[in-house]
Amino acid sequence: MKVVAKFEMDSAKKILAKRNLEQGGAVQRYIDSEVIRQCEPYVPFDEGALTRSASLATRIGSGLVVYATPYAHYLYYGVVYGPNIPMTIGGEQTFRSPAGQAKHPTNRKLTYNKEKHPLAGSYWFERMKADHKKDILNGAKRIAGVK
């Protein structure tokens with residue numbers, strides 16, 4: 001006796017699409033949006049440009065959240081970069097680096113204003129992830145239809 005069996009299944013692309021897991025799909029869009037939303041209280045806030053930049057510079061669904069301000073790098077790592085020369089401009093104390101001179105990290109840590117965002121500080125994504133990773137994953141599972 002001879003048994004012939006034929007196994008057919010959808011393509012990987014079709015299977016991923018059924019679960020909203022395709023590139024740029026609903027799950028990735030949810031994760032990107034939720035990362036931006038959950039990071040907000042951890043992001044340093046003065047006038048809000050850094051916080052807003054994530055929504056403006058990120059292509060939701062790409063899997064890459066971008067904070068697009070000239071100082072985002074410095075604030076994320078929380079270290080003062082120099083050399084910095086103190087100056088007074090318009091009656092306000094500020095610091096400037098000499099033109100054409102590369103900045104380097106110093107040993108001084110940044111301090112963050114926590115008035116508007118009490119959780120503000122360096123490594124905001126890593127700290128948010130430690131607090132909300134399970135929440136984000138549960139939401140992604142719900143969208144993908146996973147029990």
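**Exercise 1.** In this predicted model, determine which residues V43 touches, not counting residues up to four places away in sequence, and then place V43 within the largest nonpolar core.

*Solution.* Begin with the contacts: outside that sequence window, V43 touches L50, T51, Y67, H117, A120 and W124. Turn next to the core, which has 19 residues, and in which V43 is among those that touch the most other members, together with C39, L50, Y67, W124 and M128. Finally, consider the elements: two or more residues of this core come from each of helix 2 (26-39), helix 3, helix 4 (72-77) and helix 5 (124-144).

**Exercise 2.** Decide whether T51 is buried or exposed, and state which residues it contacts beyond its neighbours within four places in sequence.

*Solution.* First locate T51, which is found in helix 3 (residues 49-57). Its relative accessible area is 13%, and because buried means under 20%, T51 counts as buried. Beyond the neighbours within four places in sequence, T51 is in contact with E40, V43, P44, F45 and H117.

**Exercise 3.** Describe the largest pocket by its space, its lining and the classes of its lining residues.

*Solution.* The largest pocket holds about 690 Å³ of space. Of its 19 lining residues, D46, Y71, L75, L110 and T111 are the closest to its centre. Helix 3, helix 4 and strand 1 (79-82) each give two or more residues to this lining, and strand 1 gives the most, with 3 residues. Sorted by class, the lining of the largest pocket comprises 12 nonpolar, 4 polar and 3 charged residues.

Terms used
Residues numbered from 1 in each chain as written. Predicted model: local features only at pLDDT ≥ 70, side-chain atom pairs only at ≥ 80, totals over all residues. Heavy atoms only, no water. Helix = DSSP H or I, 4+ residues; strand = E, 2+ residues; numbered from the N terminus. Buried < 20%, exposed > 50% of the residue type's maximum accessible area, 1.4 Å probe, protein only. Contact = heavy atoms within 4.5 Å. Core = buried A, V, L, I, M, F, W, Y, C linked by side-chain atoms within 4.5 Å. 1 Å grid on protein atoms, 1.4 Å probe; cavity = no way out; pocket = protein on both sides within 12 Å on 5 of 7 lines; lining within 4 Å. Points joined across faces, edges and corners; volume = space filled by probe spheres on them. Nonpolar A, V, L, I, M, F, W, Y, C, P; charged D, E, K, R; others polar.
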